Amino acid sequence: MNINKIGVLGAGTMGAGIAQICAQAGYQVVLIDIEQTMLDKGLKTINKSWAKAVEKGKLAEDDTKKMLALISSGTDISGFADCDIVIEAIVENMDIKKKVFAQLGEICRADAILATNTSALSVTEIAVASQRPSQVVGMHFFNPVPVMKLVEIIPGVETADETVAVVTDLSKKIGKEPVPAKETPGFIVNRLLLPYINEAAHLLQEGVPAEQIDKAMMLGANMPMGPLALADLVGLDVCLMICEYFWREFGDSKYRPALILRNKVRAGHLGRKTGKGIYDYSKGL
């Protein structure tokens, strides 16, 4: 199957990044979000990224105009009707994803592939809702999408080999390194990363200052960023959701989310995206 037109559902941080790299690779892109404000913000982020690249001499201004022309946008998912593949990058909520995939299964062409950018949830459960499970696959990008090379490719129970082959090839064509992953909660990266972040949150809860935790891991384990600063970058709401999902799926108390994560999310302190999380970014950190 040849991919020419790519749909991206969700114009947040991940969706905008996916749309950007697809356009950079020369694909037609349809970027859709139910909120016009999110679409405007996503397109602004893409333009800002390309403007910086022009300033640094990495892109020609004419190239940015050509790439921007490849992106169409809207608030109605019927715009995906003629796409070869749709990549979903919306909120990490299983009920919402299943509802959306049921709609995509009706709207999209019979041969279209549906991919989910879920960071931890069951691809199989999402796929069944679409009524075309053989054409549904996990395609997990990492933040920031234009920079991070990895894409985890996760087949569900009924995902066809051809579907996996197509998205693996597409990942390479948009400049990513695809790594096959088994369908297990968190796949590979988040299965290892979230318990690490959660344990750091437990330490914070026990009274160890965040700065000390992050500094110790950066100096002692040669990490480029401490676990709590990373949690703020990922989003504390996303971290909490994944930890809760692990706890439900595995039934193991080692995945029990730190209470401080719950309280931060309740307060709306979600990390960098809200200006405050474990750290307060309004102070210019």
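The largest cavity in this structure has a volume of about 30 Å³. Before we look around it, please keep in mind that the model is a predicted one. The search finds one cavity of 30 Å³ or more. What lines the largest cavity? The lining consists of T124, A127, V128, P133, G156, V157, E158 and T159. By type, the lining residues of the largest cavity divide into four nonpolar, three polar and one charged. As for the method in general, rolling a probe the size of a water molecule over the atoms shows where empty space is left.

**Two buried residues and their surroundings**

Let us turn to T116, which has its place in strand 5, residues 113–116. Is T116 buried or exposed? T116 counts as buried because its relative accessible area is 0%, and the cut-off for buried is under 20%. The side chain of T116 reaches the backbone nitrogen of T118 at 3.1 Å. Which residues does T116 touch, once its neighbours within four places in sequence are left aside? They are E88, K97, F101, V123, I126, V137, G138, M139 and H140.

F80 gives us another place to look. You will find F80 in the loop between strand 3 (71–74) and strand 4 (85–88). Although F80 sits in a loop, F80 is buried, with a relative accessible area of 0%. F80 and G7 are 73 residues apart along the chain, yet their C-alpha atoms are separated by 5.9 Å. G7 is also one of the contacts of F80 outside its neighbours within four places in sequence, together with V8, L9, V30, I32, V86, L104 and C108.

For a contrast, visit G207, in the loop between helix 7 and helix 8. G207 is exposed, with a relative accessible area of 57%. How far apart are G207 and S171 in space? Their C-alpha atoms are 43 Å apart, with their positions 36 residues apart in sequence.

**Aromatic rings around F246**

Across the whole structure there are three aromatic pairs. In one of them, F246 and F250 meet edge-to-face, 6.0 Å centre to centre, with 70 degrees between the planes. Both residues belong to helix 10 (residues 236–250), where they are four residues apart, about one turn of the helix. An α-helix has 3.6 residues a turn, so residues three or four places apart point the same way.

How do the two phenylalanines differ in accessibility? F246 is buried, at a relative accessible area of 0%, while F250 counts as partly exposed because its relative accessibility is 32%. F246 also forms an edge-to-face pair with Y255, at 5.5 Å centre to centre and 75 degrees between the planes. Y255 is buried, as is F246. Through these ring pairs, F246, F250 and Y255 are linked into a cluster.

**Helix 9 and its setting**

Helix 9 covers residues 227–234. Why is helix 9 described as largely enclosed by the rest of the structure? Six of its eight residues are buried, and therefore the helix is largely enclosed. The buried residues are P227, L228, A229, L230, A231 and D232. They pack against helix 7 (189–205), helix 8 and helix 10. After helix 9 comes G235, whose phi is positive, near 115 degrees.

**Backbone details in the loops**

Some loops hold backbone features that you may like to inspect. A cis peptide bond joins N143 and P144, with omega at about 0 degrees. P144 is in the loop between strand 6 (136–141) and strand 7 (150–155).

Two residues other than glycine have a positive phi, and the table sets them side by side.

| Residue | Phi | Loop | Relative accessibility |
|---|---|---|---|
| Q131 | about 65 degrees | between helix 5 (123–129) and strand 6 | 70% |
| N222 | near 60 degrees | between helix 8 (210–220) and helix 9 (227–234) | 67% |

Are these residues buried or exposed? Q131 counts as exposed because its relative accessibility is 70%, and N222 is exposed too, with a relative accessible area of 67%.

Conventions: Residues are numbered from 1 along each chain as its sequence is written. This is a predicted model: local features need pLDDT of at least 70, side-chain atom pairs count only at pLDDT 80 or more; totals for chains, interfaces and linings use all residues. Side-chain values use heavy atoms; hydrogens and water are left out. Helices (H or I, at least four residues) and strands (E, at least two) are DSSP runs, numbered from the N terminus. Buried means under 20% relative accessible area, exposed over 50%, partly exposed in between (1.4 Å probe, protein chains only). A polar contact is a pair of N or O atoms within 3.5 Å; within protein, one must be able to donate a hydrogen and the other to accept it, and residues adjacent in sequence count only if both atoms are side-chain atoms. Contact means heavy atoms within 4.5 Å. Rings of Phe, Tyr and Trp (its six-membered ring) pair if their centres lie within 6.5 Å; planes under 30 degrees apart count as stacked, over 60 as edge-to-face and the rest as tilted. On a 1 Å grid over the protein atoms alone, a cavity is a set of points where a 1.4 Å probe fits but cannot get out, and a pocket is an open set with protein on both sides within 12 Å along at least five of seven lines; lining residues have an atom within 4 Å of a point. Grid points are joined across faces, edges and corners, and a volume is the space filled by probe spheres set on the points. Ala, Val, Leu, Ile, Met, Phe, Trp, Tyr, Cys and Pro count as nonpolar, Asp, Glu, Lys and Arg as charged, and the others, Gly among them, as polar.
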